[in-house]
Each structure stands twice: as structure tokens, then as C-alpha cells.
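Student: Could we go through this structure together, one topic at a time?

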Amino acid sequence: MTPKRKKRLIIILSIVLGSSLIVGLVMYSLNQNINLFYSASQIANGEAPVGTRIRVGGMVVDGSVKRASDSLRVSFALTDYEKQVNVVFTGILPDLFREGQGIIAQGKMDENGIFQAIEVLAKHDENYMPPEIAETMKAKQEAMK
Amino acid sequence: MRLRMPQWFYQLASPRWFYEFSGKLLPWFIAAAIILLSVGSVWGLMFAPADYQQGNSFRIIYVHVPASILAQSCYMLMAVAGAIGLIWKMKMAHVMAQSCAAFGASIAIVSLATGAIWGKPTWGAWWVWDARLTSMLVLLFLYVGVIALRGAFENAQSADKAAAVLSLVGLVNIPIIKYSVEWWNTLHQPATFTVTEKPAMPPEMWIPLLIMVLGFYCFFSVILMQRARLEVLQREMKTSWVQALIKSL
């Protein structure tokens, strides 16, 4: 490499590193705002603002889903396996909503500590499998219990 | 320190050599792309098993994942080609970078569109402003920005330089897309395929996906070479070899 090319290489490297540094610092300072949702523990620890619209994410607790007989009102609990948050939602749930499924709810915390959701999104995990395998795995888990 | 680059590096710099060499490669890549894409799509869409939760809607993965991978690879190629063009003042590198931009923008749109179509039935929303989706949208804007910036210059050399600098600045977005699902809470799921662990998907699902990814890369190579060949002819219009080539047609 000639000295001229070397100099240009250094300039280019400093452009790339400099812009990465700037973006990195901006994102570091915005860290909490980039997170799409709060976990159940963060809400239980009072890290989430009360009264403004936030999202909470977690797993739907097994056996916690209760549907009203006369309306679309559903109540369920969300957990991150440490703390729980109770959620109430009126509306149509996504197809993937079920107990043990990860979901994200948008809404507000009310005074009683119950999360009033206005939108519920299902979070899909990175695991894919054919239905037959899922069934045999489930059967095995039942057998182990 | 004087670092010598290998012979092929300097050969690639010659537009004429590139034109002749890519002409020989092209039929092979076209054949490979047709075979891989047809085998992969038939296998993936018809014979691969459905997912236990999503059913058949997961099959969009066979377009969405290759498109997303390619959108990022194409950007990295564009930025590296731009850097080579800036450092070695190599015309061919700028031709390559220019040929990447339009394809990258199109494939990023494919990635975003297929993601939205999948998101509606699976998540319950077409679009969510989470870190993965937003950084992917930024990638599309970067492509559009590079194309627009290049178009804003009369002089080809200044256009090459400006586009290369912008694509290098935007390079920081690539690791953000990749790690967005690990650094922050996102609605988008983390990667199914990682280098260190075995895939969270059985082989009868990921083999057609791998075929599709390879097919997309071959398709990309075909489009890239075609665009670059056209660009070489346009830029070298006044040279004797292009004149001779046109006369011989």
C-alpha cells in the first residue's frame, strides 16, 4: 500500500469508527426507550411509569386466563418467572395467544395495580417444529410429571 | 510498509477483464439460481412440515429470511466496494457499489413487506416500532439515500465518492440490526440459527431454507453482474474495446 492509500484507509476507518461511536453513545443514552416493553419484574419494582401508556411483556401464566361469559373481556396474569402482573383486556386476541405463550400488552397501570390493556400482541419465539414432534414432546412431558 | 495485493485484485480493477470474465460466469449463476430457487420454493412451500403453532403461515420464512440476510449482505458489499473504490481509486469498485444499491433497496422492501404480512396473523399487528423492525427500515432509507445522493451529482467521480462515504457511515446499522433482538426487548424473535448452537428448527424445515438462501445469493450475483456489465459499457463507452464490441454485434 502506498502512503497515499494508507492515509485514505485511515480516514475511512476513522469515519466508520467515529460514526459507530456516535451512534453507540446515542443508543446507550436512549437504552430504556428502545426497549419495546417492560418486564413483569420491572413493573413490580416500580420502574415503569404509572398512568402513561406503556407495554408489558411476559409469559401468560398457566391457568390464569379467565374469559367473561357476556363480553370479550379477558383477564390473565403475565410473568417473567420472578414477578407477576395482572392484565385485563377487552377485544380480540391474536391466534397465537394461549397459556404459556409470550405476549406483549399495551395499555396503562390503574390505581389497583392491574394493567388495563388496549392491545395484545403475541410474541413468537425462535423455535419451530412440526406438529407431530410438538405432540410427542408434550406427551413425554406429561409422562414425566 | 508496502502491502502487495494479490494478482486477481488488480485484474478485477480492469473493466474490460471484468466484462469478459463475468460473461463466462453468468450462465452458471443463472442456472444455479433457477435450480436452487425452484427446488427450495417447491420443497419449502409444499413438502416441509407446518409449524406446530403458526401452521402454514410460517412458510413465509422461505422468502423473508433469505431476503433479510441478502439485504444486509448486499449493504456490506456496497460499503466495502465503496471503501476499496475510495482507497485504491478503483473505478470497478464504484461500479459494483452502484449496482448493489437498487437491488439492496428492493430486497429490503421484500423483507419488510413479507415481515408485515407474517406479523399480522402471528403477532396481531402489521408493524411495531421495535428495534429490529425500525433498524431494518433505517437500512431501506440508507439504500434510498445512497441512490438519491448518487443521482444528485453531475460528475460521476464526485457521485461515487459521496455515495461511498454515505454507505460507510451507514455500515454501523448492520450490527444494530443483527444484535437488536439481543440488546433490547423486541417483539421480533431472536435468531433461530446461530454459529454456536444447533438450529432451533428440525432439518426438514431448515434444509429447504438453506437452499433458498443459496438460491437468493445466486440470483443476487446474476442481477449484480448484469447491472455492473451494463454500467461498465456505459462508463467505458468511448474506449476502443467497447466500440469494437458494439460493432461486432
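Student: Where does A:Gln42 lie?
Tutor: A:Gln42 belongs to helix H3 of chain A, residues 40-44. Helices here are DSSP runs of H or I with at least four residues, strands are runs of E with at least two, and both are numbered from the N terminus. The model is predicted, so local features need pLDDT of at least 70 and side-chain atom pairs count only at pLDDT 80 or more, while totals for chains, interfaces and linings use all residues. Residues are numbered from 1 along each chain as its sequence is written, chains are lettered from A and ligands numbered from 1 in the order in which they are written, and side-chain values use heavy atoms, leaving out hydrogens and water.

Student: Is A:Gln42 buried or exposed?
Tutor: A:Gln42 counts as buried because its relative accessibility is 16%; buried means under 20% relative accessible area, exposed over 50%, and partly exposed in between, with a 1.4 Å probe and protein chains only.

Student: And what does the side chain of A:Gln42 reach?
Tutor: It reaches the backbone nitrogen of A:Ser39 at 2.9 Å. Not counting residues up to four places away in sequence, A:Gln42 also touches A:Gln32, A:Phe37, A:Glu47 and A:Ala48, where contact means heavy atoms within 4.5 Å.

Student: Changing topic, which side chain of opposite charge is nearest to A:Asp110?
Tutor: That is A:Arg73, 8.2 Å away; A:Asp110 is buried yet has no salt bridge. A salt bridge requires a side-chain nitrogen of Lys or Arg within 4 Å of a carboxyl oxygen of Asp or Glu. For charge, Lys and Arg count as positive and Asp and Glu as negative, whereas His and the chain ends are not counted.

Student: What does the side chain of A:Asp110 reach, then?
Tutor: The side chain of A:Asp110 reaches the backbone nitrogen of A:Ile114 at 2.8 Å. A:Asp110 itself is in the loop between strand S6 (102-109) and strand S7 (114-122) of chain A.

Student: How many salt bridges are there over all chains?
Tutor: The count comes to five over all chains. One of them joins the side chains of B:Glu236 and B:Lys91 at 3.3 Å, N to O. That pair links distant parts of the chain, 145 residues apart: B:Glu236 is in the loop between H8 and helix H9 (240-248) of chain B, and B:Lys91 is in helix H4 of chain B.

Student: Which residues are joined into one network by salt bridges that share partners?
Tutor: To take the pairs in turn, B:Arg150 and B:Asp160 meet at 2.6 Å, N to O. They come from helix H5 and helix H6 of chain B respectively, ten residues apart. B:Arg150 is buried at 12% relative accessibility, and B:Asp160 is buried at 6%. B:Glu231 and B:Arg235 form a salt bridge at 3.0 Å, N to O. These two are separated by about one helical turn because they are four residues apart in helix H8 of chain B. Salt bridges that share partners join B:Arg150, B:Asp160, B:Glu231 and B:Arg235 into one network.

Student: On to the interior: which residues touch the most other members of the largest nonpolar core?
Tutor: Among its 50 residues, they are B:Tyr62, B:Tyr75, B:Met78, B:Leu139 and B:Tyr143. Such a core is a set of buried Ala, Val, Leu, Ile, Met, Phe, Trp, Tyr and Cys residues joined through side-chain atoms within 4.5 Å.

Student: Which helix gives the most to this core?
Tutor: H3(B) does, with 14 residues. As for B:Met78, leaving aside neighbours within four places in sequence, its contacts include B:Ala97, B:Tyr143 and B:Ser167. A second, separate core of 21 residues includes A:Val60, A:Val85, A:Ala105 and A:Met109.

Student: How many aromatic pairs are there over all chains?
Tutor: A search of the whole structure finds twelve. Rings of Phe, Tyr and Trp (its six-membered ring) pair if their centres lie within 6.5 Å; planes under 30 degrees apart are stacked, over 60 edge-to-face, and the rest tilted. B:Phe58 and B:Tyr62 form an edge-to-face pair, 5.9 Å centre to centre with 65° between the planes.

Student: Why is the pair of B:Tyr179 and B:Trp183 stacked?
Tutor: Their ring centres are 5.5 Å apart and their planes are at 25°, so the pair is stacked. Both residues lie in helix H7 of chain B, four residues apart.

Key:
Polar contact = N/O pair within 3.5 Å; in protein donor to acceptor, adjacent residues only side chain to side chain.
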